[in-house]
Amino acid sequence: MPHILIVEDETIIRSALRRLLERNQYQVSEAGSVQEAQERYSIPTFDLIVSDLRLPGAPGTELIKLAEGTPVLIMTSYASLRSAVDSMKMGAVDYIAKPFDHDEMLQAVARILRDRQEAKSAPASASPSATRSASSEKAADNANGEIGIIGSCAAMQELYSKIRKVAPTDSNVLVQGESGTGKELVARALHNLSRRAKAPLISVNCAAIPETLIESELFGHEKGAFTGASAGRAGLVEAADGGTLFLDEIGELPLEAQARLLRVLQEGEIRRVGSVQSQKVDVRLIAATHRDLKTLAKTGQFREDLYYRLHVIALKLPALRERGADVSEIAQAFLVRQYTRMGREPLHFAHDAEQAIRHYSWPGNVRELENAIERAVILCEGTEISADLLGIDIELDDLDDEIFGLPGLPNQPGNSSHEPTEDLSLEDYFQHFVLEHQDHMTETELARKLGISRKCLWERRQRLGIPRRKSGVTSGS
């Protein structure tokens with residue numbers, strides 16, 4: 001069991017983080033300062049150190065030297081991100097911005113521990129630069145992995161688990177998700193992990209084929225079946241015989257073609273357009289859509305019987321904006337892939353580009369992200385990609401004044417207990433911190449400690465229903 005040291009002077013944060021990690025099978029020790037950590041523990045014996053950047057006495061970066069090679073993950077407020085980047089230059093393995101949610105922290109911890117284990121098992125002769133290069137190549141081309149999809153957030157981990165369970169079966173699968181989320185990657189993973197992996201995977205975008213041709217494209221046609229059919233031709237369903245047929249945007253399939261497809265699923269046979277003979281086919285169907293097929297079925301725009309045939313197993317792909325820190329991991333993989341493909345020297349993201357990537361909503365999802373990075377690599381003249389090269393619409397000036405990833409909490413103005421409880425989550429930090437410290441700290445001090453502006457502190461108070469208490473503390477500003 002990995003042993004993690006938390007160094008954090010705020011009791012609420014330290015206790016909540018300890019419980020989170022312990023619930024996820026980590027052994028945890030804690031300290032309130034660098035000095036306390038030195039006095040109580042042998043720091044290099046830990047597998048990972050998670051430390052706040054600003055601590056009483058020595059800063060968290062002091063632990064980098066004391067750790068003697070043990071990775072140090074620095075926690076910091078958004079207002080101090082520049083300092084966090086500097087801490088990485090000093091040797092911190094990574095940084096995570098406060099406030100953060102459970103998934104973001106668990107992803108970072110799991111990734112760092114995994115990388116540490118891989119580094120230990122790598123040949124002793126491998127240089128650090130070679131290790132980093134191998135790691136980058138692995139991120140850039142994850143096709144050698146079992147699933148072949150980049151990302152480690154909780155929603156994706158759940159998806160991977162379902163893929164592993166469903167792939168060995170012949171059940172039909174419906175993959176749901178917004179455009180650009182990577183539905184074809186899921187289909188490919190299902191195929192590659194199935195007994196059909198050595199047979200063809202035939203992918204068809206139903207929205208890209210004219211309605212007048214869709215039936216002959218899917219099911220084939222006989223000579224003379226229609227004007228221009230000068231010879232017989234096998235369809236894509238036949239081409240997938242023994243393998244997997246992936247129908248993307250199946251919601252765009254015309255009703256007549258839906259009836260033919262239903263016959264394939266029910267009887268395991270097809271009949272070419274213009275033919276009276278049927279032939280058996282052994283095809284596993286994976287369908288994908290960004291539309292609500294159930295609603296379409298109720299309004300007669302999609303066959304209800306076909307919907308239930310498809311909906312044996314449903315897999316939901318989350319939008320990129322819902323995947324937390326995955327966006328940075330995917331962006332880095334795309335960056336390596338693009339500069340390698342173009343024969344460029346290694347490139348890296350500037351701080352403002354990293355900020356933009358993390359906080360842009362990406363309405364076009366992974367596809368939009370990949371296009372933005374390809375554009376940036378083409379236009380980049382040096383070795384650093386700035387935010388403006390990404391060509392996305394985001395106001396960078398306001399980023400430091402926002403609290404990202406902190407969901408609205410129920411109003412609890414009457415809550416007078418500030419002690420950590422077993423149910424305390426990382427998302428509760430703001431509310432608990434303000435309630436605990438507002439009697440002896442000014443608004444300016446509260447905002448500075450939280451790493452936000454006073455305006456943002458006021459807005460968050462209004463949203464959570466936390467009134468300012470009358471006390472002897474002066475404004476100090």
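These legends walk through several close-up views of a predicted model.

**Figure 1. The whole protein chain, as a starting point.** Before zooming in, here is the overall picture of this predicted model. The protein chain has 477 residues, and 48% of them are buried. Its secondary structure comprises 19 helices and 14 strands. If you are thinking about solvent, the chain exposes about 23200 Å², with carbon and sulfur atoms supplying 47% of that area. For contact maps, take the contacts between residues at least 6 apart in sequence: 68% of these join residues at least 24 apart.

**Figure 2. Strand β1 and its partner β2.** Strand β1 covers residues 3–7, and five of its five residues are buried, so the rest of the structure largely encloses this strand. In a regular strand, side chains alternate between the two faces of the sheet. For β1, one side carries His3, Leu5 and Val7, while the other carries Ile4 and Ile6; all of these residues are buried, which leaves both faces covered. β1 pairs with β2 in the parallel sense, and five bridges link the two strands. To find your way along the pair, look for Leu5, which stands opposite Ser29 of β2.

**Figure 3. Arg18 in helix α1.** Here we move to helix α1, where Arg18 is found. Is this arginine buried or exposed? Arg18 has a relative accessible area of 19%, and because buried means under 20%, Arg18 counts as buried. Setting aside neighbours within four places in sequence, Arg18 is in contact with Ile6, Val28 and Glu30. One of these partners, Ile6, is also among the buried residues of β1.

**Figure 4. Two residues with positive phi, Gln25 and Asn365.** Neither residue in this view is a glycine, yet each has a positive phi: near 70 degrees for Gln25 and near 60 degrees for Asn365. Their settings are worth viewing side by side. Gln25 lies in the loop between α1 (11–23) and β2 (27–31), whereas Asn365 belongs to helix α16, residues 365–379. Gln25 is exposed, with a relative accessible area of 55%. Asn365, by contrast, is buried, and its relative accessible area is 0%.

**Figure 5. Thr45 in its loop.** Thr45 sits in the loop between α2 (34–40) and β3 (48–52). With 56% relative accessibility, Thr45 counts as exposed. What does the side chain of Thr45 reach? It reaches the backbone oxygen of Ser42, at 2.6 Å. A further landmark is Glu68: Thr45 and Glu68 are 23 residues apart in sequence, and their C-alpha atoms are 9.3 Å apart in space.

**Figure 6. Glu62 in helix α3.** Glu62 is placed in helix α3, which covers residues 62–67. The relative accessibility of Glu62 is 29%, so this residue counts as partly exposed. For a distance across the sequence, try Gln35: Glu62 and Gln35 are 27 residues apart along the chain and 9.9 Å apart in space, C-alpha to C-alpha.

**Figure 7. The five-stranded open sheet.** The strand order in this open sheet is β7-β8-β11-β6-β12, and the pairing is parallel. Which strands form the edges? They are β7 (201–205) and β12 (313–316), each of which pairs on one side only. On average, neighbouring strands of this sheet are turned by 20 degrees against each other, direction ignored. Within the sheet, β6 (residues 173–176) and β11 (residues 284–289) run parallel and are joined by four bridges. Gln176 of β6 has Thr289 in β11 as its bridge partner. Helix α7 (residues 154–166) lies across β6, β11 and β12, and runs at about 155 degrees to β12.

**Figure 8. Two buried cysteines.** A disulfide is a covalent bond between the sulfur atoms of two cysteines. How many disulfides does the model contain? The count comes to zero with a cut-off of 2.5 Å between cysteine sulfur atoms. Among the cysteines, Cys153 counts as buried at 3% relative accessibility. Cys380 is buried too, with a relative accessible area of 5%.

Key:
Residues are numbered from 1 along each chain as its sequence is written. This is a predicted model: local features need pLDDT of at least 70, side-chain atom pairs count only at pLDDT 80 or more; totals for chains, interfaces and linings use all residues. Side-chain values use heavy atoms; hydrogens and water are left out. Buried means under 20% relative accessible area, exposed over 50%, partly exposed in between (1.4 Å probe, protein chains only). Contact means heavy atoms within 4.5 Å. Accessible areas come from the Shrake-Rupley method with a 1.4 Å probe; for residues, only the protein chains shown count as cover. Two strands pair if DSSP finds at least two bridges between them. Axes are lines fitted to C-alpha atoms, for helices over the stretch in contact, and angles run from 0 to 180 degrees between N-to-C directions. A polar contact is a pair of N or O atoms within 3.5 Å; within protein, one must be able to donate a hydrogen and the other to accept it, and residues adjacent in sequence count only if both atoms are side-chain atoms.
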